[in-house]
Amino acid sequence: MIRKTFENEIQQVKDEVLLLGSMVEHAIIASVEVLKKRDMKGAEKIIAEDKEINKKRFAIENQLMVLIATQQPMAHDLRLLASCMEIISELERMGDYAKGIANINIRMGEETLLKPLIDIPRMAQLGTGMLHRALTAFVKEDVEAAQSIPVEDDEVDALYNQIYHELMLIIIQDPRSIERANWLLWVAHNLERVADRVTNICERTVFIATGEFSEIKSSDDEFWKGQKK
Amino acid sequence: MENNSTPEYAITTHDLSIHYGSYTAVSGVNLNVEKQKIIAIIGPSGCGKSTLLRAFNRMNDFVPNCRVTGEILLQGQNLYGKDVDPVEARRKIGMVFQKPNPFPKSIYENIAWGARINGFKGNMDELVEQSLRSAALWEEVKDLLQKSAYELSGGQQQRLCIARTIAIQPEIILMDEPASALDPISTLRIEELMQELKKNYTIIIVTHNMQQAARASDYTAMMMIDDKRSGGVIEFDETKNIFTRPKDKRTEDYVTGRFG
């Protein structure tokens, strides 16, 4: 193999992206778990760990920049490295959603949860499951998988929709619950965004493999169309 | 391309093949070279890049046994037609070589000589100045015109050779690795100069330096030999496509450095 060193370095970058992805997956699941238990220390730990996620992102970004500067990547290599830049930034933002949920937990203080968390943990499971498979598709450059994952966003959106209407109903019945309902709505919104960003990662995977920029249709547009003004 | 009008071609080839005796060095080339564009020819050593380039100004005529089949149309006219005078044809197609090859004469004479031989009757001082300005060399040599061209640096000599080519007012400029003997700064100067020159000329450049092809050209022709050791153009596309999303796996392997 002519460019063994370069290929090893590319492999390393991919491994690092996967590692970053698993840190983010963990943070999202943990943020909801910790919220369920109203565990303040756990929430603080998630906020601290987000710093590690950010650090990792910058380290990968630097690694990518050095590779671009020193190896003059072309064609597939160039698409891969440029797309990694994009993917790590998506991952970092997903990490921020987990941190956001941890922050909500802390801001809730002594308040109890408005309702037991059932759909919210399901959203977290679905979103991180999509993320996990999106990153597997990225590593394998599996176009078919990458194109099929965003559709699963429908389910996440359906849950979000359900939570939204449920919380609205509670607010109408008892306006004193507005603040507590709003906290949960924010949590659900953060999780809904996770799934959206998975779609962006899948689009990058298709681009790396085929060289084509294409927007994979997620159901998101329909979700908003379904909402009354 | 935003411009949808039919492009004008400086050179068109139809099933162009170049043979040395019974061996076919280049086979079946079909290219449309747009006017006022820079076309890079890339590919591994021995794939026929220079052979193809030389066919564009009939330099292969000097090689015994060399035979050209198919067609090269220079603005619609068959370059290898029976009624075509190769000397006259070469006047329309200038060539710049890998190593700068100025004449052992003054800077001024390097430009004036060819023009004079070609029957130039106008103001020679003006022609010299204009050609040197076009080659981005005037400011550096305007007070040294009577000095020997050999006193110039390699990069300056190469620009002098380009000025000499321009003085004859060709339509096409062929460049065979024009910067491979130059340092990086002189190389970038030549590449900048090419961008200026393409306002008036069509440039075809052979280069081993892929970054140079990527930086400096509008279109890239990727050449490769087949199992009969004949070279051919396997992919021709806008340069930006060749280096970001080539269609042919062999092009991909070559531009990413996986070939060989």
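User: Which residue just after helix 3 of chain B takes a positive phi?
Analyst: That residue is Gly119(B), with a phi of about 80°. This is a predicted model, in which local features need pLDDT of at least 70, side-chain atom pairs count only at pLDDT 80 or more, and totals for chains, interfaces and linings use all residues. Residues are numbered from 1 along each chain as its sequence is written, while chains are lettered from A and ligands numbered from 1 in the order in which they are written.

User: Which residues of that helix 3 of chain B are buried?
Analyst: In helix 3 (residues 107-117; helices are DSSP runs, H or I, of at least four residues, numbered from the N terminus), they are Ile107(B), Asn110(B), Ile111(B) and Ala112(B). Buried means that 20 or more other C-beta atoms, placed from the backbone, lie within 10 Å of the residue's own; exposed means 12 or fewer, and partly exposed in between.

User: What do they pack against?
Analyst: The buried residues of helix 3 of chain B pack against helix 4 (124-134), helix 5 (138-141) and helix 6 (154-167) of chain B. Contact requires C-beta atoms, placed from the backbone, within 7 Å.

User: Turning to chain A, where does Gly42(A) lie?
Analyst: Gly42(A) belongs to helix 2 (residues 40-71) of chain A. Because Gly42(A) has 16 C-beta neighbours inside 10 Å, it counts as partly exposed.

User: And how many residues apart in sequence are Gly42(A) and Glu25(A)?
Analyst: They are 17 residues apart in sequence, and 16 Å apart in space, C-alpha to C-alpha.

User: How many residues does each chain bring to the contact?
Analyst: Chain A gives ten residues and chain B gives eleven residues.

Key: Two residues are in contact if their C-beta atoms, placed from the backbone, lie within 7 Å. Helices (H or I, at least four residues) and strands (E, at least two) are DSSP runs, numbered from the N terminus.
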